[in-house]
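Q: I'm new to this structure and would love a close look at just one part of it. Could you walk me through the place where the protein meets its RNA, and the helices around that place?

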Amino acid sequence: MLDTAYLRDNLELVRGALNRRGVDLSTELEQVLALEVQRRQMLPKLEGLKREQNATAAEVARARSQGQDTTTLQQSSRQRAEEIKRLSVELEKIEQERTRGLLTLPNLPHESVPTGAKASDNVEVRRYGKPRTFTFTPQAHWDLGPALEIIDFERASKISGARFSVLKGAGAQLARALINFMLHLHTTEHGYTEIEPPFMVNSAALTGTGNLPKFETDLFKISGDWDLYLVPTAEVPLTNLHRDETLHGKQLPIRYTAYTPCFRSEAGSYGADVRGLIRQHQFDKVELMVFTQPKDSYDELERLTANAEEVLKRLELPYRTMVLCSADMGFAAAKTYDIEVWLPSQSCYREISSCSNTEAFQARRANIKHRPEGGRKSEFVHTLNGSGLAVGRTLIAILENYQEADGSIIVPEALRPFMDGRTVIQSQ
RNA sequence: GGAGGGAUGGCCGAGCGGUUGAAGGCGGCGGUCUUGAAAACCGUUAGCGGGGAAACUCGCUCUGGGGUUCGAAUCCCCAUCCCUCCGCCA
């Protein structure tokens, strides 16, 4: 959510920033502005009436204690009460609409974000490792997995449908090892506290992160008389951990990591990545999440991104890091780095992590503040999140990058302690 | 699923129609005393939104929403959450 005071004072800046996103939001913006003007006209009027009403009530009490007649006072007060009632109803309607409008406006891109119109305008900022040269034609994971009997797509579709998968034997073990490896790295070396959150969240939590009200169709909602959705990412429960709280300045930064499954409807992605594990309705992810003071948030974004990249370095997987252009960023983000891992079968880099600074956008929605040390006034924190990493896609990258001519998979060294010392995955 | 009991400031806890934004305690902050500290004592200490350069000032807030009333933390209704007991249960 954008700050209305900032919006009023920097209208042209806001217009320009929103335009950079490549969608025309001027109608929504004008509507919010008009409602804001109305609100600021009505508020003083209403407060004046309330002040009079309070004074009258005190007067009644005083007159009574002196045994005086109060019927005239009470009469005028009763009339004023009606007027107050009428005005508050009107004001509430205006505020509701204003908030609704505000909730549908995306975050403003940071000034360091390159302007662009599409994904191909994203800018590479660094690259790690060299894609391996194969002496044979590398297979895709959707061939390798079933051949090794560690991924089963057919049985998954029997029990759940398309875009689901079953991991079996060494495949299941590999996924579990990846989760443990990532959590171990982030908790012992990167300073994150591990959280196991609920895997279902309510609509208030989803509004806090920006998934609602605009993107309900991306979510799986629990049917029946429940205000619950399956988590699309651990970002939602982690960010909302401190909803409606004022944190102490010295507590910050707070760093959380969590493993959760993630559930996404993938509405509108028909035909895209239909094969394999790339785009599933359910996938595992280890998430990184930071609450920080505003002045530190861009340093923290670099740190968090480096923490995610470290996973790939340890696994010796080639990757590149992109800064997303203004049009390719998510709704809540002010700046986003995507980390893309090399997939030999596709001869290209594919997204495996997305690390964002949302600045105060989510904090304002979720009402998460902090009181700076020594400072009097509380202010909103900045929140950051990133995948550290998507487990399914990491598993794909390992299968494809570590495959041998015979279809077996070498287990990356860093992972072996988490795989009971196993060094290779081959068919039985 | 059934039967009860709760929700008050950072925390504990009083208040149960009229200067109560809220006693008291704890905690925090400042001071006196002390070589320093502790103890003791004194003082101070909620948030949010308007207006104002500021001093300050107005409004809202006792889980949330609605109602009664000139006036609600206090009375009534609804919701949410928590607790206890019973049933069921990984």
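A: Happily! Let's start with one contact: in Arg 78, a polar side-chain atom sits 2.8 Å from a phosphate oxygen of RNA strand B. A polar contact here is a pair of N or O atoms within 3.5 Å; within protein, one must be able to donate a hydrogen and the other to accept it, and residues adjacent in sequence count only if both atoms are side-chain atoms.

Before going on, a word on the model: it is predicted, so local features need pLDDT of at least 70 and side-chain atom pairs count only at pLDDT 80 or more, while totals for chains, interfaces and linings use all residues. Residues are numbered from 1 along each chain as its sequence is written, chains are lettered from A and ligands numbered from 1 in the order in which they are written, and side-chain values use heavy atoms, leaving out hydrogens and water.

Arg 40 also reaches the backbone of the RNA, with a side-chain N or O atom 2.6 Å from a phosphate oxygen of RNA strand B. For Asn 54, the distance from a polar side-chain atom to a phosphate oxygen of that strand is 3.4 Å. Two or more residues of the surface near RNA strand B come from each of α3, α4 (71-104) and β13 (368-371). Helices (H or I, at least four residues) and strands (E, at least two) are DSSP runs, numbered from the N terminus. The largest share, 11 residues, belongs to α3.

Around RNA strand B there are 20 residues, and Arg 40, Arg 64, Ser 77, Lys 85 and Ser 378 come nearest; a residue is near if one of its heavy atoms lies within 4 Å. By class, this surface has 10 charged, five polar and five nonpolar residues. Ala, Val, Leu, Ile, Met, Phe, Trp, Tyr, Cys and Pro count as nonpolar, Asp, Glu, Lys and Arg as charged, and the others, Gly among them, as polar. On the RNA side, sugar or phosphate supplies 72% of the strand B atoms within 4 Å of the protein, and bases supply the rest.

Now for the helices. The axes of α3 and α4 come within 8 Å and cross at roughly 155°, which means that α3 is roughly antiparallel to α4 (angles over 145 degrees count as such). Axes are lines fitted to C-alpha atoms, for helices over the stretch in contact, and angles run from 0 to 180 degrees between N-to-C directions. Their contact has 14 nonpolar, eight polar and 12 charged residues.

Terms used. Angles under 35 degrees count as roughly parallel, over 145 as roughly antiparallel, 65 to 115 as roughly perpendicular and the rest as oblique.
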